[in-house]
Amino acid sequence: MGDFPDYFRIGAWPSTQAYNWLKNQAGLTEADMYDFLSYFDTKNMAEHVKSHVITAVGLQDETCPPHTNMAPFNVVSKNGKYDTELKVNQSLSHATHPEWNNEINAFFAKHRKTTTSAVGSFIPETGVSVRTEGLSVIIEGTLNGVVNIYGADGRMTYRGMSHRILLPIHGLYIMNVSGAIYKFSL
């Protein structure tokens with residue numbers, strides 16, 4: 001989602017919450033609010049993206065109308081140095097189609113430069129080492145907090161304290177364990 005001023009004119013969420021918050025802020029104007037939000041607006045961050053990008057929009061999406069996602073995507077794709085793909089789903093609203101995870105994994109697999117990652121290494125500061133075995137992630141050492149694993153689509157795949165975690169499918173993952181970030185593929 002990008003371009004908060006335009007988005008707030010057409011979408012009920014989160015504009016209603018933002019304007020309710022603004023009413024309780026003495027001396028803060030609408031312009032001040034948008035100035036603050038510009039720091040988080042993907043439209044303004046897109047020019048700093050230095051990677052391949054795949055995204056999808058649903059043409060029936062009233063939560064994040066398509067053009068609010070296409071604006072930042074267009075900025076990224078103008079760069080020309082990176083592969084960009086926009087998947088348009090004509091009949092979907094705020095959802096992705098069933099093959100989306102496979103498409104994401106295939107997209108990033110074709111751009112993977114190496115299969116090496118922090119997995120298989122020992123991080124002295126954390127006292128933890130991580131390795132993979134099939135679809136399992138094995139954590140050795142003392143956990144200092146919960147383990148969070150996210151898929152390439154940004155969805156949390158696992159949260160807990162287990163030392164052996166079975167993941168659902170092959171793909172790209174990001175894991176936070178004991179304050180260290182691991183990127184890996186299965």
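**Cores, surface and a buried histidine in a predicted model**

The largest nonpolar core of this predicted model comprises 16 residues, and those with the most contacts inside it are Ile139, Val147, Met175 and Val177. A nonpolar core is here a set of buried Ala, Val, Leu, Ile, Met, Phe, Trp, Tyr and Cys residues joined through side-chain atoms within 4.5 Å; buried means under 20% relative accessible area, exposed over 50%, and partly exposed in between, with a 1.4 Å probe and protein chains only. Two or more residues of this core come from each of β4 (128-133), β5 (136-141), β6 (147-151), β9 (172-177) and β10 (180-185). Isoleucine 139, when neighbours within four places in sequence are set aside, is in contact (heavy atoms within 4.5 Å) with Val128, Ser129, Val130, Val147, Ser162, His163, Ile165, Met175 and Val177. Apart from the largest core lies another, of 8 residues, including Tyr7, Phe8, Leu22 and Tyr34. In soluble globular proteins, nonpolar side chains tend to be buried together.

Some nonpolar residues are nevertheless found on the surface: Phe36, Tyr39 and Phe40 form a nonpolar patch there, with about 390 Å² of accessible area together. Such a patch joins nonpolar side chains (Val, Leu, Ile, Met, Phe, Trp, Tyr) within 5 Å, from residues with over 30% relative accessible area and no salt bridge, the latter being a side-chain nitrogen of Lys or Arg within 4 Å of a carboxyl oxygen of Asp or Glu. Areas follow the Shrake-Rupley method with a 1.4 Å probe, and for residues only the protein chains shown count as cover. Phenylalanine 40 lies in the loop between α3 (30-37) and α4 (42-45), and counts as exposed because its relative accessibility is 52%.

Histidine 97 also occupies a loop, between β2 (84-89) and α6 (100-109), but is buried, because its relative accessible area is 17%. Its side chain makes a polar contact of 3.0 Å with the side chain of glutamate 103; the term denotes a pair of N or O atoms within 3.5 Å, where within protein one must be able to donate a hydrogen and the other to accept it, and residues adjacent in sequence count only if both atoms are side-chain atoms. Beyond neighbours within four places in sequence, histidine 97 is in contact with Asn89, Leu92 and Glu103.

Overall, the chain has 6 helices and 10 strands, taken as DSSP runs numbered from the N terminus (helices H or I, at least four residues; strands E, at least two). Buried residues make up 33% of its 186 residues.

Residues are numbered from 1 along each chain as its sequence is written, and side-chain values use heavy atoms, without hydrogens or water. As the model is predicted, local features need pLDDT of at least 70 and side-chain atom pairs count only at pLDDT 80 or more, whereas totals for chains, interfaces and linings use all residues.

Technical notes. Patch = residues over 30% accessible without salt bridge, like charges linked within 9 Å, V, L, I, M, F, W, Y side chains within 5 Å.
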